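Colleague: I would like to go through this model with you. Could you take my questions in turn?

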Amino acid sequence: MKTALMSCLCFSLLAVANGAHPQASGPAAPATDAAPVAGISSVPMPAAAALCDAPWFRSGSRVQMEGDGEMPMSITMTLREVMRTARGCSAQLEVRSKSALSALMGPPVVMDQVHEINIDRSSATMRTRIDSRNAVINARARYARMFGEASFTGSGVFNYAGVEIKEGAMLEGETFQSSVSLKIYPLGADEVVGTMQALHASIIVGSRTVGRRQMINTVMGRKECMPITYEKRTSLGPLMVGDEILQLEPSVLHVTDWYCPMEAFVLRTEVRQNNKVQRVDVTSLEMLDPEATAGR
């Protein structure tokens, strides 16, 4: 039980700010009514547009992703309360995920996260910074549940936004720092039976290489996309479980993001580790009319 909770928790926390989140390059024509749209736009997105101006950065936008491999997963992300600020923008990000270790043959770990996100696109740095503090984490497995808070901060985390993606280009790396503090309860009871703290989790992404534009089959149809390849190192740092401190080995992942310019999204991510490949596909993109969701 502990292994499944820890593994699925680690993946979900790190995925939120990096590879699992769709990344857009610029604004598009707004969606109308409250119907979902199967793609952001039919025209290329202008370069040099910031994340706050991305077509999906609006209240009610929702992304659905599905992953295979040793840790099958389903992730839904929804933006709420999007606001523009003097330095950038802010929003509430709701994340609901189901993930499991296939080797354990058990039920999935269900996790709900609510992040209050502030995005700083200061011209002084020319890089987007994202901060989320006191995010609420609620995870449930077969025998236990975990409840607590997390925070993260990153530089360049959504850096496909505002970047002109060209074949053969080299894109800078990015960093991501996170902390989490959780209490563990047995299901159906309110007595704390354990605690878990990871105060120095991190992701370090190396420079990325943009490959040749090509047609690929995605869940959302045949699309023209570019492979962006890079190495990603993830670490939980010292993990305290109760009074015990665990030193876990960092993971080295080889990642390919399939960025599709016409949709301004990464529609597929392939992650290779220890000669095994896991694929995460965007299966649904929805943008709701802000006026239709204003009263919700």
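Modeller: The exchange below goes from the overall chain to single residues and their links.

Colleague: Before that, what should I know about the model and its numbering?

Modeller: This is a predicted model, in which local features need pLDDT of at least 70, side-chain atom pairs count only at pLDDT 80 or more, and totals for chains, interfaces and linings use all residues. Residues are numbered from 1 along each chain as its sequence is written, and side-chain values use heavy atoms, with hydrogens and water left out.

Colleague: How many helices and strands does the protein chain have?

Modeller: There are two helices and 17 strands in the protein chain. Helices (H or I, at least four residues) and strands (E, at least two) are DSSP runs, numbered from the N terminus.

Colleague: What share of the residues counts as buried?

Modeller: Of the 296 residues of the protein chain, the buried share is 50%. Buried means under 20% relative accessible area, exposed over 50%, and partly exposed in between (1.4 Å probe, protein chains only).

Colleague: And the contacts in the chain, what share of them join residues at least 24 apart?

Modeller: The figure is 60%, taken among contacts between residues at least 6 apart in sequence. A contact means heavy atoms within 4.5 Å.

Colleague: Changing topic, where does Ser61 lie?

Modeller: Ser61 is in the loop between helix H1 (2-17) and strand S1 (62-67).

Colleague: Is Ser61 buried or exposed?

Modeller: Ser61 counts as buried because its relative accessibility is 5%.

Colleague: Which residues does Ser61 touch?

Modeller: Leaving aside residues up to four places away in sequence, Ser61 touches Trp56, Met77, Thr78, Leu79, Glu286 and Met287.

Colleague: Glu286 caught my eye. Which side chain does Glu286 meet in a salt bridge?

Modeller: Glu286 pairs with Arg62, at 2.6 Å from N to O. This pair links distant parts of the chain, as Glu286 is in strand S17 (residues 276-286) and Arg62 in strand S1, 224 residues apart. Arg62 is partly exposed, with a relative accessible area of 25%. A salt bridge here is a side-chain nitrogen of Lys or Arg within 4 Å of a carboxyl oxygen of Asp or Glu.

Colleague: How many salt bridges does the structure hold?

Modeller: It holds eleven salt bridges. Arg268, Glu270, Arg279 and Asp281 are linked in a network of them.

Colleague: Within that network, what is the closest N and O distance between Asp281 and Arg268?

Modeller: For Asp281 and Arg268 the closest N and O atoms are 3.5 Å apart. Asp281 lies in strand S17 and Arg268 in strand S16 (residues 265-273), so this salt bridge ties together parts that are 13 residues apart in sequence. Asp281 counts as buried at 7% relative accessibility, and Arg268 is buried at 8%. Arg268 also meets Glu270 in a salt bridge of 3.8 Å, N to O, and Glu270 is partly exposed at 24%.

Colleague: One last topic: which residues does the disulfide join?

Modeller: The disulfide joins Cys225 to Cys260, with S to S at 2.1 Å. Cys225 lies in strand S12 (residues 221-235) and Cys260 in strand S15 (residues 251-260), so the pair ties together parts 35 residues apart in sequence. A disulfide is a pair of cysteine sulfur atoms within 2.5 Å, and a search of the whole structure finds one. The link of Cys225 and Cys260 is right-handed, with 90° about the S-S bond. Both Cys225 and Cys260 are buried.
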